[in-house]
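User: I have a structure open and want to learn how to read it. Where do I start?

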Amino acid sequence: MFQLLTLGGLSLTRAGEPSERSPIQRRQLALLAVLAGAGPGGVSRDKLMGLLWPDRELDRARSSLDQALYAARRVCGPDVFIASPTSLALNPSIIASDLAAFSAALAAGDAAAAVRAYGGPFLDGVFISDAAEFERWADGERARLAREYQGALETLARSASARGAADEAIQWWRRVVDADPLSSRAARGLIEALAAAGDRAGALDFARVHEALVRNELGASPDPTVVSLVEELRRAALPAASQATASSASTAIAPRSASHAVADERGVSPL
């Protein structure tokens with residue numbers, strides 16, 4: 001049995017053997033990655049040629065594809081591919097992939113297994129020369145899989161919160177934030193988890209970090225729901241006599257308001 005790793009890099013190894021070097025070349029590995037992404041439905045030969053040899057004449061592209069398939073069969077065995085009149089697919093009894101494990105876990109609703117299977121961004125650091133179509137395909141798959149991974153993390157974070165497992169919820173929400181530091185939803189989740197655990201100061205500190213990141217990276221104000229949540233936390237921390245004043249002040253805090261602009265000019269954070 002061979003193992004194809006596509007999440008966090010790209011390599012092919014045989015079970016029980018060292019993994020220093022994949023037994024086939026990079027473009028041939030990329031072909032296996034495309035087939036792994038397609039699942040049981042497979043990919044047409046025309047699409048494979050268009051992705052990996054887009055600038056070659058049809059006969060040369062077909063010859064290159066045949067050579068790549070031959071190399072894979074030579075290493076993995078004659079039954080590594082399942083062929084139909086119109087497509088090719090990987091034989092899962094010959095090559096297992098982390099991508100297949102990730103997709104299967106999501107389909108089964110097992111967020112924890114999906115997170116374990118996700119070793120990093122799809123084809124991270126992989127570049128195939130003279131294959132712009134492959135690069136565009138990989139970019140799209142990378143973004144889709146990253147969203148699915150983040151969704152699995154959020155599922156685990158919300159489940160921990162619902163069970164009252166405050167520390168676990170914080171750990172999961174921190175991983176959600178790491179996956180998408182600019183996400184206002186992730187920021188709200190972590191702020192709420194920290195506050196629920198009694199760490200209001202930590203929640204406010206993170207909110208300030210998030211605001212600075214959003215301003216520096218996007219040139220924008222934090223999401224209004226994040227601002228509102230932070231103001232609620234601040235009011236809850238104030239003595240009762242001070243809450244009316246804080247409530248009045250909070251109505252002036254909104255992205256791109258006049259008072260916000262003044263705060264920007266003075267270098268004062270609105271959070």
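Analyst: We will take confidence, then the sheet, then the helices on it. Keep in mind that this is a predicted model.

User: What is the mean pLDDT of the protein chain?

Analyst: The mean is 86, and 85% of the residues reach 70 or more.

User: Which elements have the lowest and the highest mean pLDDT?

Analyst: Helix H12 (residues 258-266) has the lowest, at 40. Helix H5 (residues 111-117) has the highest, at 97.

User: Where does pLDDT stay under 50?

Analyst: First the general idea. Where pLDDT is low, do not read the predicted coordinates in detail. Here that covers residues 240-270, where pLDDT stays under 50. The model has 31 contacts beyond four places in sequence for this stretch.

User: Now the sheet. What is the order of its strands?

Analyst: The general idea: backbone hydrogen bonds pair the strands of a sheet, either parallel or antiparallel. In this model, an open sheet of three strands runs E2-E1-E5, with mixed pairing. Strand E2 (11-14) and strand E5 (95-97) are at the edges; each has a single partner strand, so one side of each lacks a neighbour in the sheet. From one strand to the next, the twist averages 25 degrees.

User: In which sense do E1 and E5 pair?

Analyst: Strand E1 (residues 2-5) pairs with E5 in the parallel sense, over three bridges. Phe2 stands opposite Ile95 in E5.

User: Which strands does helix H1 lie across?

Analyst: Helix H1 (residues 26-38) lies across E1, E2 and E5, at about 85 degrees to E1. Helix H4 (residues 98-107) also packs on the sheet, touching E1 and E5. The direction of H4 makes about 55 degrees with that of E5.

Note on methods:
Residues are numbered from 1 along each chain as its sequence is written. This is a predicted model: local features need pLDDT of at least 70, side-chain atom pairs count only at pLDDT 80 or more; totals for chains, interfaces and linings use all residues. Side-chain values use heavy atoms; hydrogens and water are left out. pLDDT is the predictor's confidence in each residue, from 0 to 100. Helices (H or I, at least four residues) and strands (E, at least two) are DSSP runs, numbered from the N terminus. Contact means heavy atoms within 4.5 Å. Two strands pair if DSSP finds at least two bridges between them. Axes are lines fitted to C-alpha atoms, for helices over the stretch in contact, and angles run from 0 to 180 degrees between N-to-C directions.
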